[in-house]
Amino acid sequence: MYDVAIIGAGPAGASAAIFTAKAGKKTVLIDNDKSMTKRAWVENHYGVMEITGPDLVETGKKQAVKLGAELVNAQVVNITKIEAGFLIQTDDAAFETKHVILATGIATELAEKVGVKTKAGTEPRIKTIIDVDASGRTNIDGIWAAGTVAGVSVHTIITAGDGAKVAINIISELNGERYVDHDVLKA
Ligand SMILES: Cc1cc2nc3c(=O)[nH]c(=O)nc-3n(C[C@H](O)[C@H](O)[C@H](O)COP(=O)(O)OP(=O)(O)OC[C@H]3O[C@@H](n4cnc5c(N)ncnc54)[C@H](O)[C@@H]3O)c2cc1C
């Protein structure tokens, strides 16, 4: 049983995984390698002078794995409710989890298939988004959404930040108190 299954390992999903894994939550990060970010050249990400989209995505995934997330290269084809949470299904594997984060970029088919409520997008070229509240919760308790698919501005710093925000909200819920991750400069 995972604490959190994150679908999509672009900036939103990998950033969420960095936080949940570092907080000691058992995390699986599942991705089918179709990130829009792999086409980007990025000069507007705070703290990074310039980076290719592919390098940003690869570094994000490596960072999540280094901090304890399990990375699976696969397409998630279904999510079903089970007593303890959800069953995430790929073509050849299944994962039980308490919480799910949909960080699927422009893809909303999976959300629609499993009954997550969607609505019209507001950002340029984003037709449909998942209907979330300010915390990132969807209409299904335990399924959250982050990044482009959750309707935030389509920029890496913002989608990554949104993934982190949703992760912190889930960690806080699991811990029963507000969570903060502050490492202190080593002397
Ligand atoms: C050409 C181009 C240039 C850009 N340039 C910039 C720029 O200069 N600066 C900037 O800030 N932003 C730029 N962006 C925008 C930036 O890429 C996005 O804002 C942001 O990275 C989106 O992050 P995301 O995690 O929401 O989505 P994505 O990066 O698209 O990640 C979503 C992930 O979900 C996976 N996925 C979807 N469905 C499933 C499923 N069913 N099962 C498994 N995996 C699934 C996909 O494979 C993908 O890896 C650019 C975008 C493009 C297209």
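## Ligand shell

In this predicted model, 34 residues surround the ligand, and those that come nearest are Gly8, Gly10, Ala40, Gly105 and Gly147. Four elements give two or more residues each to this shell: helix H1 (11–22), strand E2 (27–31), strand E3 (41–42) and helix H4 (156–175).

By residue class, the shell around the ligand holds 15 nonpolar and 15 polar residues, with four charged ones completing the set.

## Annotated domain

An unreviewed UniProt entry carries the annotation "domain: FAD/NAD(P)-binding" for residues 2–117. Over residues 2–117, helix accounts for 27% of the chain and strand for 35%. The C-alpha atoms at the two ends of this stretch are 24 Å apart.

## Strand pairing around E8

Strand E8 (residues 94–102) runs parallel to strand E1 (residues 2–7), and five bridges join the two. Within this pairing, Tyr2 has Thr97 of E8 as its bridge partner.

E8 also pairs with strand E7 (residues 85–90), here in the antiparallel sense and over four bridges. A hairpin of three residues leads from E7 to E8. Thr97 is the bridge partner in E8 of Phe86; Thr97 is likewise the partner of Tyr2.

A further pairing links E8 to strand E11 (residues 143–145): these strands run parallel and are joined by three bridges. In this pairing, Leu102 is matched with Ala145 of E11.

Note on methods. Residues numbered from 1 in each chain as written. Predicted model: local features only at pLDDT ≥ 70, side-chain atom pairs only at ≥ 80, totals over all residues. Near = placed C-beta within 6 Å. Nonpolar A, V, L, I, M, F, W, Y, C, P; charged D, E, K, R; others polar. UniProt positions renumbered as here; feature names shortened; annotations may be inferred. Pairing = 2+ DSSP bridges.
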